[in-house]
Amino acid sequence: MKRTSPGGALGTARALTALAVSLIAPTCLCAGEPVMARVESNAPTALPRIRQHAFDGDPATDFASSRNAQVGDQLTLWFEKPIKTHKIEVATGRLDAGSLEISRNGRTFEKVAAFTKGAARWATEKQGVSAVRVICDRAMDHPLVVREIVIDSQPRVARFDYPVEFVLDCQDAPRMLPWLEKAARICEREYPMINRELASAGFKPPQIIHMALKSSYDGVAATSGDRIVGSVEYFRRNLHDFGAMVHETTHVVQHYQGGDNPGWLVEGVSDYVRFFKYEPGHLGPIRRSSARYDHGYRESAAFLAFLVHQYDPTIVLKLNAAMRHGTYKESIFETLTRKSLQSLGEEWLGSEPGPAKKQEVKTSP
Ligand SMILES: [Zn+2]
């Protein structure tokens, strides 16, 4: 079974999840803090014209369905918290028998505008809007295309600055598909964070990531290029371990193409993003008597966090840029901190571990 990530088949469950999120969310939001969104469609994607292109601020890119639009085909933008709308404008392809709808309860939708010549506009002050959708009212002889949704609201909605879509393969374990969809949703939600942590000049991350669960794979998970493979057996026994997929998604963003990059640092950066940005406080104790900065994974992640705290808040960004652009040399540590890697490692082991404040991990995007 090969299909793109959450496409609307679990509509009711998702609507309830969205409602639950909105009910527990604080109603007063800081004016400058944008609301995050996720986008779904019941129509399959004509790759590479992915769903997030419909809300990426770039009218030159669009979402397109891989089949001609049918009655009820829709593309929905869900907001993590309700917003107050001022204006919504949508540019599609040639949609001329479609509706622009909003939802205030996360379950039912009301029509607020009709599409004419591919465009719809609605300018009404409305509180508590939790979703906006474009829906086809009759079958078309062309795909559903959504070029751009523009929302003027309070608070503002964060656009997809790093558009991405996960293509899922759960053929080996069809009953694990809901789990894989959830993992993809989480990684999709974290994609902007990962890209901000690992930004470098001129780099554009992959926009399509293949994520599969394979029964023949007996590790935890592995990544090659833009392909992630996880073990059916492992994730069946460790349903909570979405962080492992965030770690693998970080490898996709690292996008290292050869060079002399040490494995410990590659894994350390990935676990740094996982344990210090995605799920802070979940690293667990590091046994100082046996730990080394170059053991990779958690130990190297903790070492990097120490360097971030003690020497340079942007050191991970700089190390990543060097590894991505093939210029990494061990001497970079000396350049950035004026100390050798070896002495930094010893200093880390002799330091007091910082307070590990455990934070709740968002697993219901
Ligand atoms: Zn790894």
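This report covers a zinc site and a helix pair in a predicted model.

## Zinc site

Three residues coordinate the zinc ion: His247 through NE2, His251 through NE2 and Glu267 through OE. The coordination distances run from 2.0 to 2.1 Å. Along the sequence, the donor residues follow the spacing H-x3-H-x15-E. His251 lies in helix H4, residues 242-254. Glu267 lies in helix H5, residues 263-278. The two are 16 residues apart, and the pair links distant parts of the chain.

## Burial of the donors

Two of the donors can be classed by accessibility. His251 has 14% relative accessibility, so His251 counts as buried, because the cut-off for buried is under 20%. Glu267 has 18% relative accessibility and therefore also counts as buried.

## Packing of H5 on H7

Helix H5, which carries Glu267, also meets helix H7, residues 315-324. Two packed helices are described by the angle between their axes and the distance between the axes. Here the axes come within 11 Å. They cross at roughly 135°. H5 and H7 are therefore oblique to each other. The angle falls short of the roughly antiparallel class, which needs over 145 degrees. H5 passes H7 in a left-handed crossing.

## Contact residues

On the H5 side, the contact involves Leu265, Val266, Val269 and Tyr272. On the H7 side, the partners are Val316, Leu319 and Met323. The contact of H5 with H7 has seven nonpolar residues, no polar ones and no charged ones. H5 thus figures in both parts of this report: Glu267 of H5 coordinates the zinc ion, and nonpolar residues of H5 meet H7.

Definitions and conventions. Residues are numbered from 1 along each chain as its sequence is written. This is a predicted model: local features need pLDDT of at least 70, side-chain atom pairs count only at pLDDT 80 or more; totals for chains, interfaces and linings use all residues. Side-chain values use heavy atoms; hydrogens and water are left out. Donors are N, O and S atoms within 2.8 Å of the metal (3.2 Å for Na, K and Ca); water is not among the atoms, so sites may look incomplete. Helices (H or I, at least four residues) and strands (E, at least two) are DSSP runs, numbered from the N terminus. Buried means under 20% relative accessible area, exposed over 50%, partly exposed in between (1.4 Å probe, protein chains only). Axes are lines fitted to C-alpha atoms, for helices over the stretch in contact, and angles run from 0 to 180 degrees between N-to-C directions. Angles under 35 degrees count as roughly parallel, over 145 as roughly antiparallel, 65 to 115 as roughly perpendicular and the rest as oblique. A crossing is left-handed if the near helix is turned anticlockwise from the far one by less than a right angle, and right-handed if clockwise. Contact means heavy atoms within 4.5 Å. Ala, Val, Leu, Ile, Met, Phe, Trp, Tyr, Cys and Pro count as nonpolar, Asp, Glu, Lys and Arg as charged, and the others, Gly among them, as polar.
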